[in-house]
Amino acid sequence: MPKLNVLVAGSTGYIGVQLIKLLVKHSNVNIKYLCGNTSVGKNISSYEKSLSSKKLPKIIRYNKELLKNIDLVFTALPNGEAQDISNDLLKHNILIDLAADFRLNKASNYLKWYKQKHRSVKNIKKSIYSLPEINGDKLKKFNIIGCPGCYPTSILLPLIPLVRKNLIKTDNVIIDSKSGYSGAGRGVHKKYKNKNLYESLSAYGVGFHRHNSEIQQEIENYTKKKFSFTFTPHLTPMFRGILSTIYLDLNKGVGIKNLENTLKSQYSKNRFVKILKTNSLLSTNDVINTNNCSIVICKTKYKNRVIILSVIDNLIKGGAGQAIQNMNIKYGFNETKGLI
Ligand SMILES: NC(=O)C1=CN([C@@H]2O[C@H](COP(=O)(O)OP(=O)(O)OC[C@H]3O[C@@H](n4cnc5c(N)ncnc54)[C@H](OP(=O)(O)O)[C@@H]3O)[C@@H](O)[C@H]2O)C=CC1
Ligand SMILES: CC(=O)N[C@@H](CCC(=O)OP(=O)(O)O)C(=O)O
């Protein structure tokens, strides 16, 4: 089978580099072009030493002529940029976006939460938000694939099966998430230079983080009723990983076993989502450098209240790995290819 010719836009970012590190091991992929902005003319090995033994192209600036020679574009760019690229796509091109350009299905929501007018409204309808374990079976028909945000990945994987079965109360869910600082991209040191990044824990985006919009959209897609929740992200003094802690009240007559059985049966055929024994202890360290999401349901002193813990690596399951998982599904490769 001929290899897919791939262009990676945003190749020097934390996500771009992680993507390349995974793609070089994927036997169906030929990395044809690496694109960047301030890095044009450099070698990717100056951003990631471990890639110096690989034969990779020099970093160039994206232009639409490149699309003639490639099958697939990965965009790991600041929000907004993939919209312009989507307007250049040729019939044979597939776009997998790791930013938020094709996550929200209403342009008005994009404007509200991202404070920019969407520049490719016509392509929103032609795109799919793909969380592979939940709706990956639908993505084959689409040429533009929006990958979920890192926090929403850790939150939606445990919650969607439970709301779909009407097992939990959806009027006051509390979600508290902690992320490694790589979540903020290479500019993190400049952005937080007064925050003592390595020695402190900071809450941010309190009440209004932009991932609220994505979580709301996707949960309501499955409940068909209002989902009220409070989401607070935190920046932690570690490089990578996300731990989300979700506080839930159970619907009448529902026990912790119902929740556990529902999650186990939902993910029984999925290699990457692991439902651990009730009350197990969980750490981001358990999933770092993997495409896994590990989930635990914990009892509390109240019979009808549980706490769910969910961990992922933001750069892999929350980013590059999930994008490759979507590529594997789209092209009919084994879903785990290049990821285990
Ligand atoms: N970090 C994470 O955990 C996750 C990030 N994402 C999303 O992925 C995207 C990339 O994130 P991340 O890797 O962290 O970001 P970084 O800031 O680390 O990297 C940004 C990349 O975009 C390139 N770039 C910046 N501006 C432009 C421009 N105007 N035109 C072309 N290229 C440009 C940079 O190139 P150069 O170096 O050449 O200037 C660099 O390669 C973001 O949308 C982010 O929201 C998604 C999931 C998780
Ligand atoms: C720690 C940190 O700053 N995290 C980022 C979220 C990760 C990210 O950049 O974005 P997406 O998952 O939306 O693509 C933030 O809160 O803006």
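Biologist: Which residues come nearest to ligand 1?

Modeller: In this predicted model, Gly13, Gly36, Ser39, Ala99 and Gly185 come nearest, out of 28 residues around ligand 1. Two helices each give two or more residues to that shell: helix 1, residues 14–23, and helix 10, residues 316–331. Helix 1 has the largest share, with 3 residues.

Biologist: What makes a residue count as being around ligand 1?

Modeller: The test is distance: the C-beta atom, placed from the backbone, has to lie within 6 Å of the molecule. For ligand 1, 28 residues are in the shell.

Biologist: How do you know which domains the shell around ligand 1 draws on?

Modeller: Look at where its residues come from: at least three belong to domain 1 (4–125), and at least three to domain 2 (151–314). There is also a record to set beside this: an unreviewed UniProt entry lists residues 5–142 as "domain: Semialdehyde dehydrogenase NAD-binding". That span is 25% helix and 18% strand, and its end C-alpha atoms lie 18 Å apart.

Biologist: What makes up the shell around ligand 1, by residue class?

Modeller: There are 17 polar residues, 9 nonpolar and 2 charged. Gly counts as polar here, so Gly13, Gly36 and Gly185 fall in the polar group.

Biologist: And how many residues of each class does the shell around ligand 2 have?

Modeller: That shell has 7 nonpolar residues, 4 polar and no charged ones. Among its members are Ala99, Cys150, Tyr181, Pro233 and Leu235. Ala, Cys, Tyr, Pro and Leu count as nonpolar, so these five residues belong to that class.

Biologist: Why are helix 6 and helix 9 called roughly perpendicular?

Modeller: Their axes cross at roughly 110° and come within 10 Å. Angles of 65 to 115 degrees count as roughly perpendicular, and therefore helix 6 and helix 9 get that name. Helix 6 covers residues 150–164 and helix 9 residues 256–266. Helix 6 passes helix 9 in a right-handed crossing.

Biologist: Parallel or antiparallel: how do you know which word suits helix 6 and helix 8?

Modeller: Helix 8 spans residues 211–223, and it packs with helix 6 at about 20°, the axes being 10 Å apart. Anything under 35 degrees counts as roughly parallel, so helix 6 and helix 8 are roughly parallel. This crossing is right-handed too.

Conventions:
Residues numbered from 1 in each chain as written. Chains lettered and ligands numbered in written order. Predicted model: local features only at pLDDT ≥ 70, side-chain atom pairs only at ≥ 80, totals over all residues. UniProt positions renumbered as here; feature names shortened; annotations may be inferred. Helix = DSSP H or I, 4+ residues; strand = E, 2+ residues; numbered from the N terminus. Domains from an automatic or database assignment. Axes fitted to C-alpha atoms, helices over the stretch in contact; angles between N-to-C directions. Parallel < 35°, antiparallel > 145°, perpendicular 65-115°, else oblique. Left-handed = near helix turned anticlockwise from the far one by under 90°.
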